[in-house]
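Subject: A structure for you to look at

Hi there,

Here is the structure I promised to pass on to you. Please open it and keep it beside you while you read my notes below.

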Amino acid sequence: MSAVNQQQNSDLVWDLEKIHQHRRAMDFVKQFENRFCVFSGSVRQLYTNYSIFFPEEANRQMVILPDPYAFHDTFSHLNPDAVQSTGLHVIPGNLIGKTGLYLVISHKDKNVRSVPIPFQEGIRQILRRSNTEDPFLPVLMKGDLREFNDQMPCLHLNRLRLKELTSLSGLERESIRTIITDKLMKLYQESSALNLA
């Protein structure tokens, strides 16, 4: 069944060809398995419960496999326009001579310097907005595992806008907010143990 799903949903097969530090990228992204939800625009679904695989026969690919026994953990009929790129990246601290994880915003204007903030502090700021009218709900999409300066893996975060999910009921929107916020809270609590690219 999963092979059929994979063929139907190429958004769940991420090509890692452009990543030079392949092993490091694999170790880095595995830290976030099931900690961020994954959005697929082509089938308009949000996966909240999944596993990450690196099939040996598929050279340099990463496959996201939603849990086939947890249908309630997949949300369908999401408007792809509800997901926005943020320019916010999770980077390993050793990229900037520090330990731990950091959040950094990459600006289109190269003259604007972004100040990296410790990951735990960044997640705390995101959580502060979780009960507002327009919460910041980070999700991953195909292509979000990248390399910074051709050397270190990083993760780009997209943002799911609840207000744009007009085809969902209020209850479904609230469930999505709760699941993502609960994952963020757990990630916040465990973030000091993460690092490690």
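Let's start with strand β10, residues 137–140, in this predicted model. Are its two faces covered or open? Both are covered: L137 and V139 are buried on one side, and P138 and L140 are buried on the other.

Next, see which strands β10 pairs with. Strand β2 (residues 37–40) pairs with β10 in the parallel sense, over two bridges. If you click on V38, you should find L140 of β10 standing opposite. Strand β12 (residues 152–160) also pairs with β10, but here the sense is antiparallel and there are three bridges. In that pairing, V139 has N158 of β12 as its bridge partner.

Now for the cysteines. How many disulfides does the structure hold? It holds zero. Two sulfur atoms have to lie within 2.5 Å of each other to count as a disulfide. The closest cysteine sulfur to that of C37 belongs to C154 and is 20 Å away, so the two are too far apart for a bond. Seen from the other end, C154 is in no disulfide either, with the sulfur of C37 as its nearest at 20 Å. C37 has a relative accessibility of 1%, so C37 counts as buried. C154 is buried too, because its relative accessible area is 1%, and the cut-off for buried is under 20%.

Then have a look at helix α2, residues 22–30. Which of its residues are buried? They are H22, A25, M26, F28 and V29. Try looking down the axis of α2: these buried residues fall within an arc of 165°, so they line one face of the helix. The elements that cover them include β4 (50–53), β5 (61–66), β7 (83–92), β8 (101–105), β11 (145–148) and β12.

Last, a word on empty space inside the model. Rolling a probe the size of a water molecule over the atoms shows where empty space is left. The count comes to one cavity of 30 Å³ or more, and the largest cavity holds about 40 Å³ of space. Its lining is made up of W14, V29, F32, E33, V38, Y50, I52, M62, I64 and L140. The elements that give two or more residues to this lining are β4 and β5. You will recognise some of these names: V29 is one of the buried residues of α2, and V38 and L140 are the pair that stand opposite each other.

Enjoy exploring it!

Best wishes

Definitions and conventions: Residues are numbered from 1 along each chain as its sequence is written. This is a predicted model: local features need pLDDT of at least 70, side-chain atom pairs count only at pLDDT 80 or more; totals for chains, interfaces and linings use all residues. Side-chain values use heavy atoms; hydrogens and water are left out. Buried means under 20% relative accessible area, exposed over 50%, partly exposed in between (1.4 Å probe, protein chains only). Helices (H or I, at least four residues) and strands (E, at least two) are DSSP runs, numbered from the N terminus. Two strands pair if DSSP finds at least two bridges between them. The arc is that of the directions from the helix axis to the C-beta atoms. Contact means heavy atoms within 4.5 Å. On a 1 Å grid over the protein atoms alone, a cavity is a set of points where a 1.4 Å probe fits but cannot get out, and a pocket is an open set with protein on both sides within 12 Å along at least five of seven lines; lining residues have an atom within 4 Å of a point. Grid points are joined across faces, edges and corners, and a volume is the space filled by probe spheres set on the points.
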